Amino acid sequence: MLALASIGVSFLLFPSHLIAIKSSFSQHLSSAYIALKGAYLDKDTLPKNHTPLTEGNNNININIKRNGTPGVGSYLPYGNFIPQKEIYVTDETALLKALKNAPPGSDIVLASGKYQIKERSIALGNHGIKEQPIRLRAEAVGSVVLELNSYEGFYINKAFWIFEDLIFKGMCATDSACEHAMHIVGDADNLIIQNNEFINFNSHIKSNGWVNHRTRTKAFPDSVTVNHNTFINEWRRDTGSAITPLDIIGGNDWLIKQNFIADFSKAAGNQISYAAFLKGGGENGVFEDNLVSCEWKVPHQSPNDVRVGLSFGGGGTGKQYCQTEECDVEHYNGKMLKNTIVNCPNDVGIYLNKALDSLLVENVVFNSVGIDVRFPETRVTATGNVLDGRLKTRNGAKILKDDTVVISIKEEKQL
């Protein structure tokens, strides 16, 4: 690990990251700018009443100025979809009917407007197929708002669906009543979720296995792509439910790329939340080029308001929910590549829990406690990362390689 004890005025050119830091000798860092992933970030000192748990923390908040479009960076859609049939929808009844009846190759196009749906869950009727998936999209980006008064949201247990260009907004009377915008289950393989906005849910996207009790077999969603979306909440969620915008239990070959994830705070229960995790025995998951801001527009309220960034393993998984019978590893062969994680002052930006053979490459972690890797099952290779906190092994975890650069920005006095 390479440590830079203190930085006054400097410019760091690190693999694919350009960090420009400006400071004075008489005060804390007053402003700085990061040109990264198409987002403009402006750092200012935190409010005086902000009291984070500090361990290498600099009390510097990063204010992210968004341009109103989903995700981060340039949008490059996944999938080569040539529709066989268009289903044009103008109201809620027609939408629910189309979701149940659309055959493979259908393009369900929603006319601009708001769709108010009050259902415990919203069912899909048919699987798509590889050559002919089923797509649900807005006729124009940002023109369709799905206002969900729904506990579970879209119940997705069908393969080869695409969800694109939509705004999903939770509209429940209580926070506990809006758990998910999407609940992905069982054999829902090869989904593409891209260029959407998800607002005001507990776990905006939840994924887990399904058990066939007759055959005693389990099925988990595999090969799911979550690309260029926004996941936010507009207030601290007043619920004891899990608060994790991307709550993924089991499943192999997930790609979570170029998403903006922010303001996921839990006001009740243990007050611990995560931006996103892959856990439960899955393999080969990738977090790439995501921008996470634990605090964006919803301030931390106390040191107990704990928001963790990205994780392989999360807080662990009960054996009955795991993909593997032993449940000894939470995630195998996971990769975190070129993510930026900021404003998590009460806990770490990256947390690896029983994450075997993990790879951390060129991630930037700023204004957090740092990175923790934990338990003997965790083996990690870390290369090209930049952070301003710690990189710590706990409970027997192993770091096989580490050339992380640690930046410490401190108040300096004129000599």
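This report describes the fold, the nonpolar cores, the disulfides and the aromatic pairs of a predicted model.

**Overall make-up**

The protein has 415 residues, and buried residues make up 58% of them. Its secondary structure consists of one helix and 44 strands. Among contacts between residues at least 6 apart in sequence, 68% join residues at least 24 apart. The accessible surface comes to about 16600 Å², and carbon and sulfur atoms account for 50% of that area.

**A three-stranded sheet**

One open sheet is formed by three strands in the order β28-β32-β36, with parallel pairing. The strands β28 (282-283) and β36 (355-356) stand at the edges with a single partner strand each, so one side of each is left without a neighbour in the sheet. Between β28 and β32 (residues 331-332), which run parallel, there are two bridges, and Glu-283 stands opposite Tyr-332 in β32.

**Nonpolar cores**

The largest nonpolar core contains 70 residues, of which Ile-108, Leu-110, Leu-146, Phe-154, Phe-168 and Ile-205 touch the most other members. If residues up to four places away in sequence are left out, the residues that Ile-108 touches include Ile-87, Val-89, Ala-98, Leu-99, Ile-134, Leu-136 and Trp-161, and also Arg-135 and Arg-137. Apart from the largest core lies another core, of 13 residues, among them Ile-62, Ile-64, Val-145 and Ile-199.

**Disulfides**

A search of the whole structure finds three disulfides, and with bonded cysteines counted along the chain they follow the pattern 1-2, 3-6, 4-5. The pairs and their sulfur-to-sulfur distances are as follows.

| Cysteine | Partner | S to S distance |
|---|---|---|
| Cys-172 | Cys-178 | 2.0 Å |
| Cys-294 | Cys-344 | 2.0 Å |
| Cys-322 | Cys-327 | 1.8 Å |

For Cys-172 and Cys-178, the torsion about the S-S bond is about 80°, so this disulfide is right-handed; both Cys-172 and Cys-178 are buried. The link of Cys-294 and Cys-344 is likewise right-handed, with 75° about the S-S bond. Cys-294 lies in the loop between β30 (291-293) and β31 (306-312), whereas Cys-344 lies in strand β34 (residues 340-344), so the pair ties together parts that are 50 residues apart in sequence. Cys-294 counts as buried because its relative accessibility is 0%, and Cys-344 counts as buried at 0% relative accessibility. In the remaining disulfide, Cys-322 and Cys-327 are both buried.

**Aromatic pairs**

The structure holds eight aromatic pairs. One of them, formed by Phe-168 and Phe-198, is stacked, with 4.7 Å centre to centre and 0° between the planes. This pair links distant parts of the chain, since Phe-168 belongs to strand β15 (residues 167-170) and Phe-198 to strand β18 (residues 197-199), 30 residues apart. Phe-168 counts as buried at 0% relative accessibility, and Phe-198 counts as buried at 0% relative accessibility. In another pair, the rings of Tyr-274 and Phe-277 have their centres 5.4 Å apart and their planes at 80°, so the pair is edge-to-face. Tyr-274 is buried, with a relative accessible area of 11%, and Phe-277 is buried with a relative accessible area of 5%.

One aromatic cluster is formed by Phe-154, Trp-161, Phe-163, Phe-168, Phe-198 and Phe-231. Of these cluster members, Phe-154 and Phe-168 are also among the residues that touch the most other members of the largest nonpolar core, and Trp-161 is one of the residues touched by Ile-108.

Definitions and conventions: Residues are numbered from 1 along each chain as its sequence is written. This is a predicted model: local features need pLDDT of at least 70, side-chain atom pairs count only at pLDDT 80 or more; totals for chains, interfaces and linings use all residues. Side-chain values use heavy atoms; hydrogens and water are left out. Two strands pair if DSSP finds at least two bridges between them. Helices (H or I, at least four residues) and strands (E, at least two) are DSSP runs, numbered from the N terminus. A nonpolar core is a set of buried Ala, Val, Leu, Ile, Met, Phe, Trp, Tyr and Cys residues joined through side-chain atoms within 4.5 Å. Buried means under 20% relative accessible area, exposed over 50%, partly exposed in between (1.4 Å probe, protein chains only). Contact means heavy atoms within 4.5 Å. Accessible areas come from the Shrake-Rupley method with a 1.4 Å probe; for residues, only the protein chains shown count as cover. A disulfide is a pair of cysteine sulfur atoms within 2.5 Å. Rings of Phe, Tyr and Trp (its six-membered ring) pair if their centres lie within 6.5 Å; planes under 30 degrees apart count as stacked, over 60 as edge-to-face and the rest as tilted.
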